[in-house]
Amino acid sequence: MNSTVLGVLVSGRGSNLQAILDAINAGKINAKISVVISDKADTFALKRVAGLGIATAVIERKAFASKDQFEAALVAELKDHKVELVVLAGFMRLLGNKFISAYPGRVMNIHPALLPAFPGLNAQQQALDYGVKLSGCTVHFVDEGMDSGPIILQQAVPVESSDTEETLAARILEVEHILYPRAISLFCQRRLSLKNRQVVITDEKSE
Ligand code: GRF
C-alpha cells in the first residue's frame with residue numbers, strides 16, 4: 001500500500017507533531033509529512049521540523065480579509081504538497097466549510113477530553129471544574145462544529161483530587177502521543193470507514 005501524504009496544521013508547541021514524526025520514523029505509520037503549516041510565526045512546532053526536508057509555511061489569519069480566503073490559502077498550500085490527510089495538531093482555529101469541503105472525511109483532530117464532554121478551549125480545566133473522575137483524549141474526524149465530528153479513538157486517564165490543570169494536562173498528553181499516531185496509522189491502512197456518524201475500524205488485513 002502506498003504511503004499516505006500528510007499535512008500537519010499547528011499553532012504552537014507541536015508535541016503531537018513530534019510524536020507523529022517519531023512514529024513515522026519508527027515505521028509505525030506508513031506515511032510521510034509533506035508540509036507543516038502554522039497559523040503563527042515562530043512556533044516551536046516549526047522548529048521541530050527544521051532541517052528534516054519537510055516544507056513549512058506560515059499562513060496567518062490576519063493576512064486575509066475573510067475566513068474563506070484564509071481557508072482557501074490553507075487548502076492551496078496543502079494541495080500544492082499533494083496532501084491526502086490533514087492532521088490538526090494543536091491548531092487553535094475552528095475550520096469552516098471552505099476548508100472541510102476540500103477534504104471531506106480527511107481532516108483529523110485530537111482533543112484533550114473524552115468528547116462529547118468538554119469541547120472547546122481549556123478542556124482539562126473544564127474537567128477539573130466539573131469534578132469528573134475520568135478524563136482523557138479523543139481523536140476525531142473534523143466537521144464544521146466545535147470538536148463534534150465522528151470519534152475515531154478515545155482513551156481515559158484518571159483524574160486525581162490533587163490534580164491541577166497542568167498535572168492533568170500532562171497525564172492526558174502522554175496518552176495523546178500514543179493515540180494520535182495509532183489513529184493516523186489506521187487511516188493510512190484504510191481501516192477507517194463511516195457508518196452514519198460511527199467510525200468503524202476494520203481488522204488488519206493480511207496481504
Ligand atoms: C494538545 O493538548 C491537543 O490535544 C490540543 O492542543 C494541544 C496541542 O499540544 N488540541 P501540542 O502542540 O501537540 O504539544
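Is Asn196 buried or exposed? Hold that thought for a moment. A word on the source: this is a predicted model.

Now the residue. Asn196 is exposed, with a relative accessible area of 75%. The cut-off for that word is over 50%. Asn196 sits in the loop between β8, residues 192–195, and β9, residues 198–201. Its backbone deserves a look too. Asn196 has a positive phi of about 55°, although it is not a glycine.

There is another residue of this kind to show you. Asp42 is not a glycine either, and its phi is positive, about 60°. Where is Asp42 found? In the loop between β2, residues 31–38, and α2, residues 44–49. Asp42 is exposed, at 68% relative accessible area.

One more backbone point. The peptide bond from Leu115 to Pro116 is cis. Its omega is near 10°. Pro116 belongs to the loop between β5 and α5, and α5 covers residues 123–130.

On to the ligand. Which pocket does the ligand take up? The largest pocket. Let me walk you around it. Arg13, Gly14, Ser15 and Asn16 are part of the shell. So is Gly90. Then come Ile110, His111 and Pro112. Glu176 completes the list. By class, that shell holds 2 nonpolar, 5 polar and 2 charged residues. Two elements each supply at least two of the shell residues: α1, residues 15–25, and β5, residues 107–111.

Next, the contacts. Start with Arg13. A polar atom of the Arg13 side chain is 2.6 Å from an oxygen atom of the ligand. Gly14 uses its backbone: a polar atom there lies 2.8 Å from a ligand oxygen. With Glu176 we are back to a side chain. An N or O atom of the Glu176 side chain is 2.8 Å from an oxygen atom of the ligand. How much of the ligand's accessible area does the protein cover? On its own, the ligand has 370 Å² of accessible area, and the protein covers 86% of that.

Last stop, helix α1. Gln18 lies in this helix. Gln18 is partly exposed, because its relative accessible area is 24%, and that term runs from 20% to 50%. How far is the C-alpha atom of Gln18 from that of Val86? The separation is 16 Å, and the two residues are 68 apart along the chain.

To close, back to the opening residue: Asn196 is exposed. Thanks, everyone.

Note on methods. Residues numbered from 1 in each chain as written. Predicted model: local features only at pLDDT ≥ 70, side-chain atom pairs only at ≥ 80, totals over all residues. Heavy atoms only, no water. Near = heavy atom within 4 Å. Polar contact = N/O pair within 3.5 Å; in protein donor to acceptor, adjacent residues only side chain to side chain. Areas by Shrake-Rupley, 256 points an atom, 1.4 Å probe, with all protein chains shown as cover. 1 Å grid on protein atoms, 1.4 Å probe; cavity = no way out; pocket = protein on both sides within 12 Å on 5 of 7 lines; lining within 4 Å. Sits in = over half its atoms within 2 Å of the grid points. Helix = DSSP H or I, 4+ residues; strand = E, 2+ residues; numbered from the N terminus. Nonpolar A, V, L, I, M, F, W, Y, C, P; charged D, E, K, R; others polar. Buried < 20%, exposed > 50% of the residue type's maximum accessible area, 1.4 Å probe, protein only.
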